[in-house]
Amino acid sequence: MLALPDYREQTPEVAARFAKIKERPVVLTVRNLEKAFGTNGSRHVVFDHVSLDIHRREFVTIIGPSGCGKSTFIRIAAGLEEATSGEMLLDGKPITGPSPDRGMVFQGYTLFPWRTVKENVMFGLEMRGNDTGTADAEARQWLDMVGLSRVENSYPHELSGGMKQRVAIARALANEPRILIMDEPFGALDALTRCKMQSYLLQIWKKVNVTILFITHDLDEAIYLSDRILVLGVNPGGVREIIENPVPRPRTPEQFLSPKFLAVKHRLDELIHGSAAEQEEEDKIPVIKLTEVGDEVE
Ligand SMILES: Nc1ncnc2c1ncn2[C@@H]1O[C@H](COP(=O)(O)OP(=O)(O)OP(=O)(O)O)[C@@H](O)[C@H]1O
Ligand SMILES: [Mg+2]
């Protein structure tokens with residue numbers, strides 16, 4: 001196998017970037033968080049002992065096998081679900097319910113089909129008490145930011161999947177959230193559109209004062225986008241590792257094959273598929289023979 005560098009080793013530039021990030025105020029504080037479902041008899045601990053401080057304008061990704069609690073974690077951050085114990089604070093204040101200070105983008109398209117693109121972006125602005133003229137002007141600015149001014153009067157069904165997600169990002173950012181929380185936002189897109197959206201998101205993040213908490217299944221996506229990567233596991237659930245991504249910024253698609261990138265990818269693979277292997281026994285598909293002799297596939 002190709003000899004890979006140590007994934008923890010950082011160049012002085014990368015180390016300096018992390019030092020700067022840590023000097024910034026903490027936006028999201030996670031302290032000893034535990035989430036369990038069910039009662040004593042059949043209690044399922046999804047994760048416990050999760051602690052993490054996310055700093056202003058940091059890009060943090062959560063990755064892990066299906067069922068490790070990625071969505072549960074962000075539902076707690078969104079205020080849609082309560083932790084069993086521990087706490088989550090936004091700017092030092094406990095999260096007690098949903099609020100526009102957390103912008104959400106999900107994999108499923110969540111635009112209002114009866115509203116035009118611009119009216120979708122205006123929605124939160126109007127809810128916050130802006131008059132129609134102000135909401136209109138601000139919505140146009142955000143659509144300009146995501147490069148969709150030309151379709152402002154179209155309806156969601158007239159847009160491609162990638163465009164819909166750009167509108168969803170504009171709509172979330174228009175509320176000027178403290179943190180943008182994205183649960184597999186590009187999961188339903190084809191590979192090429194997905195790559196484009198990743199680059200787009202990095203460009204937007206550069207221009208806007210926002211912290212990002214991103215969920216993905218995709219190793220390349222996690223490494224390409226993030227400062228830090230929180231790896232969750234299953235059986236038992238919880239934090240496997242928090243990786244400070246050593247791949248320098250600005251990120252470019254050429255880096256996907258760089259030794260540093262591959263070293264992080266190898267480590268993520270080890271952490272995630274190690275735990276997937278443990279799961280294998282539970283998830284085994286029953287052997288059912290429905291083939292004719294001589295039809296075997298490899
Ligand atoms: N309301 C609920 N009641 C009981 N169990 C739940 C509930 N919500 C989630 N779970 C369980 O919690 C675990 C974590 O689910 P979650 O959806 O957070 O995983 P995930 O990491 O987002 O998975 P995926 O990658 O498939 O989206 C799963 O075992 C799931 O069955
Ligand atoms: Mg999920």
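**Figure 1. Pairing of strand 9 with strand 10 in the predicted model.** Two strands are taken to pair if DSSP finds at least two bridges between them. The model shown is predicted. In this view, strand 9 (residues 228–233) and strand 10 are joined by six bridges and pair in the antiparallel sense. Within this pair, Ile229 of strand 9 is placed opposite Ile243 of strand 10. The loop between the two strands contains Pro236, and the peptide bond that links Asn235 to Pro236 is cis, with omega at about 0°.

**Figure 2. The open sheet of six strands.** The strands are arranged in the order 6-7-8-3-9-10, and their pairing is mixed. Strand 6 (102–106) and strand 10 (238–244) form the edges, each pairing on one side only. From one strand to the next, the twist averages 15°. Strand 9 and strand 10, which stand side by side at the end of this order, make the antiparallel pair with six bridges.

**Figure 3. The loop between strand 10 and helix 8.** Pro250 is located in this loop, which leads to helix 8 (259–283). The peptide bond from Arg249 to Pro250 is cis, and its omega is near 0°. As a general rule, most peptide bonds are trans. A cis bond also joins Asn235 and Pro236, where the proline belongs to the loop between strand 9 and strand 10.

**Figure 4. The open sheet of four strands.** Here the order is 2-1-4-5, with antiparallel pairing. The edges are strand 2 (44–55) and strand 5 (93–94), each of which pairs on one side only. Eight bridges connect strand 1 with strand 2, and Val26 is set opposite His55 of strand 2. Strand 1 (residues 26–37) is joined to strand 4 (residues 85–90) by five bridges, and these two strands also run antiparallel. Across that pairing, Val30 is opposite Met88 of strand 4, while Arg31 is opposite Glu87 of strand 4. In a regular strand, side chains alternate between the two faces of the sheet.

**Figure 5. Positive phi values in two connections of the four-stranded sheet.** In the hairpin of strand 1 and strand 2, six residues lie between the strands, and Gly38 adopts a positive phi near 85°. Asp91 is found in the loop between strand 4 and strand 5. Although Asp91 is not a glycine, its phi is positive, at about 50°. Most residues other than glycine have a negative phi.

**Figure 6. Helix 2 against the four-stranded sheet.** Helix 2 (residues 70–78) lies across strand 1, strand 2 and strand 4. The angle between helix 2 and strand 1 is about 125°. Helix 2 also provides three residues of the shell around ligand 1, the largest share.

**Figure 7. The surroundings of ligand 1.** Thirteen residues surround ligand 1, and Ser66, Gly67, Lys70, Ser71 and Thr72 come nearest. By class, the shell consists of seven polar, four nonpolar and two charged residues.

**Figure 8. Polar contacts of ligand 1 with Cys68, Gly69 and His217.** A polar backbone atom of Cys68 is 3.3 Å from an oxygen atom of ligand 1. For Gly69, a polar backbone atom is 3.0 Å from an oxygen atom of the ligand. His217 contributes through its side chain, a polar atom of which lies 3.1 Å from an oxygen atom of ligand 1. Ligand 1 taken alone exposes 640 Å², of which the protein buries 57%. Strand 2 and helix 2 are the elements that give two or more residues to the shell around ligand 1.

How values were computed: Residues numbered from 1 in each chain as written. Chains lettered and ligands numbered in written order. Predicted model: local features only at pLDDT ≥ 70, side-chain atom pairs only at ≥ 80, totals over all residues. Heavy atoms only, no water. Contact = heavy atoms within 4.5 Å. Axes fitted to C-alpha atoms, helices over the stretch in contact; angles between N-to-C directions. Near = heavy atom within 4 Å. Polar contact = N/O pair within 3.5 Å; in protein donor to acceptor, adjacent residues only side chain to side chain. Areas by Shrake-Rupley, 256 points an atom, 1.4 Å probe, with all protein chains shown as cover. Nonpolar A, V, L, I, M, F, W, Y, C, P; charged D, E, K, R; others polar.
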